[in-house]
Amino acid sequence: MSKNGNHASDKTPVIFYSAKWCAYCHQLQKYLDSNDITYEYLDVDVEANQQSMLEASGGRYLIPTLVINGEVYQNPPGPLVKELVNGRQQ
Amino acid sequence: MEDSNNMKKTTVLMVGAGPSALAASVYTTREHIETVLVEKGVIGGLAAITDKIDNYPGFAEGIAGLELADQLQKQAERFGAKIELGEVKSIEKIGEDILVKTTDGDYSAEAVLLATGSDYKKLSVPGEKEFYGRGVHYCATCDGAFYKDKKIIVVGGGNSAAQESLFLTRFSNDITVLVRSEWRASDVLVEEVENHDAITVEMGWQVSEIVGEDNKVARVVATHLETDKTKEFAADGVFVFVGLKPNTDFIKNSKIELDDYGFIKTDSNLQTTIPGVFASGDVRSGATMQIASAVGEGATAALKLRMYLENKHRAK
Ligand SMILES: Cc1cc2nc3c(=O)[nH]c(=O)nc-3n(C[C@H](O)[C@H](O)[C@H](O)COP(=O)(O)OP(=O)(O)OC[C@H]3O[C@@H](n4cnc5c(N)ncnc54)[C@H](O)[C@@H]3O)c2cc1C
């Protein structure tokens, strides 16, 4: 399992829609990495990723968008993400 | 450190981790004063979400906001500042110490710095809340890239509106700025906006509604203040920059005095009406809303705070 999160394992229930230019995304990514939370990183500058994010979020253009166990969270606080994935990833 | 009631203890607690608190924490931690910063949003505050900062001294070619925020954070952490993510909910002086309640537990601190800055004001018109994220936005550097080659309306006439409109020209060449009465931005910015081929400026329009179709923004309805005429402006995205309001809701019920606009009043030592509680940066009454001044006030507050702690310990 990759610690930097770019290659999530099959077990990982977190999808992380992000972009290079997004300050909130950088901060959340640092938090996820420092808490060993793995995720699948999808850059919304790639059209297909942006489309799948919009489908997941019901048309809401906001990042970071996370899909955790199928539930969508937009710009969630790091500690909440940790709480939501804790049971699954520890 | 944690006591038996799970109350965490620190010498200094700073509310917010924007430029002001980060600068202050460099000063306190270099003096080996234990310092915890509690941040509810993004480390670096508004500076972190500003595209490029051209007027912060020391960077001849300007610096990206995200880069400045990163450097400020690293510098503060190098000396031992501890940054926690969470939101401060209340502050109260109990005896000699200050009780700070956060979403991530309670702290007891000997001194506190309030450096919570300000947040975007809303238009408070129908459709604004409903279409937030579906065409309504408050941060061009955060969300502007979603509007590549789309029609954008910017609402506002201050420095932020002007600066953010110019930033949005990276993505769109169809931007209309609706200014309610007159420009309140610097002449340099206004000139740049008005001469930009991708931007049209419409003066005198007050937005009354944001209307959507298919679950996303379709147009903005506005009334002209002089002619009373109502017009609909087609839009894929609406970026609202109609000013900032201080982040002081969490101290509204405390003994800290605020001015008529909700900013924190301080004396010449940057101390609030509660001894041991200081304030600096954009949230302070009389602030000049610039990173350089927020950083300068942070340094001043840290030095005054140190004097406060020294006097307190000497008196014991
Ligand atoms: C669009 C835009 C462009 C700008 N461009 C420039 C520029 O080019 N040059 C310049 O000098 N200035 C610029 N500014 C102004 C500059 O960003 C601010 O003056 C500066 O960031 C103020 O720093 P601060 O630390 O006082 O507050 P902030 O940067 O606002 O930081 C305060 C922090 O406190 C946090 N906070 C608030 N409440 C709580 C709470 N209850 N609990 C925990 N944390 C909390 C916030 O999340 C925030 O991160 C710009 C501002 C905007 C909006």
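In this predicted model, the side chains of Lys30(A) and Asp70(B) form a salt bridge, with N and O 3.1 Å apart. Between chain B and chain A the salt bridge count is 1. The contact between the chains involves 23 residues of chain B and 19 residues of chain A. The area buried between them is about 1,800 Å².

**The interface of chains A and B**

- Carbon and sulfur atoms give 59% of the area buried between chain B and chain A.
- Three residues stand out on the chain B side: Leu85(B), Arg134(B) and Phe146(B) supply 33% of the area that chain B buries against chain A. No other three residues supply as much.
- Polar contacts also cross the interface, with 7 residue pairs found where both residues have pLDDT 80 or more.
- Two helices of chain B, α3 (65–78) and α4 (140–143), each bring at least two residues to the side that touches chain A.
- By class, that side of chain B holds 11 nonpolar, 6 polar and 6 charged residues.

**A buried aspartate in chain B**

- Asp259(B) sits in the loop between strands β18 (244–246) and β19 (277–279) of chain B.
- Asp259(B) is buried but has no salt bridge.
- Lys265(B) has the nearest side chain of opposite charge, 7.5 Å away from Asp259(B). A salt bridge would need nitrogen and oxygen within 4 Å.
- The side chain of Asp259(B) does make a polar contact, at 2.7 Å, with the side chain of Ser285(B).
- Setting aside neighbours within four places in sequence, Asp259(B) is in contact with Lys265(B) and Ser285(B).

**A covered helix in chain B**

- Helix α5 of chain B spans residues 159–168 and is mostly covered, with 7 of its 10 residues buried.
- The buried residues of α5(B) are Ala161(B), Ala162(B), Glu164(B), Ser165(B), Leu166(B), Phe167(B) and Leu168(B).
- The cover over these buried residues includes helices α4 and α6 (187–194) of chain B.
- Strands of chain B are also part of that cover, including β11 (152–155), β12 (175–179), β13 (199–203) and β17 (237–240).
- Helix α4(B) thus appears in two places: α4(B) supplies residues to the side that touches chain A, and α4(B) helps cover α5(B).

**The build of chain A**

- Chain A has 3 helices and 4 strands.
- Read from the N terminus, the order of elements in chain A is β-α-β-α-β-β-α.
- Chain A has 90 residues, and 46% of them count as buried.
- Among contacts in chain A with a separation of 6 or more, 61% join residues 24 or more positions apart.

Methods
Residues are numbered from 1 along each chain as its sequence is written. Chains are lettered from A and ligands numbered from 1 in the order in which they are written. This is a predicted model: local features need pLDDT of at least 70, side-chain atom pairs count only at pLDDT 80 or more; totals for chains, interfaces and linings use all residues. Side-chain values use heavy atoms; hydrogens and water are left out. Contact means heavy atoms within 4.5 Å. Buried area is the accessible area (1.4 Å probe) that two parts lose on being put together, summed over both. A polar contact is a pair of N or O atoms within 3.5 Å; within protein, one must be able to donate a hydrogen and the other to accept it, and residues adjacent in sequence count only if both atoms are side-chain atoms. Ala, Val, Leu, Ile, Met, Phe, Trp, Tyr, Cys and Pro count as nonpolar, Asp, Glu, Lys and Arg as charged, and the others, Gly among them, as polar. Buried means under 20% relative accessible area, exposed over 50%, partly exposed in between (1.4 Å probe, protein chains only). Lys and Arg count as positive and Asp and Glu as negative; His and the chain ends are not counted.
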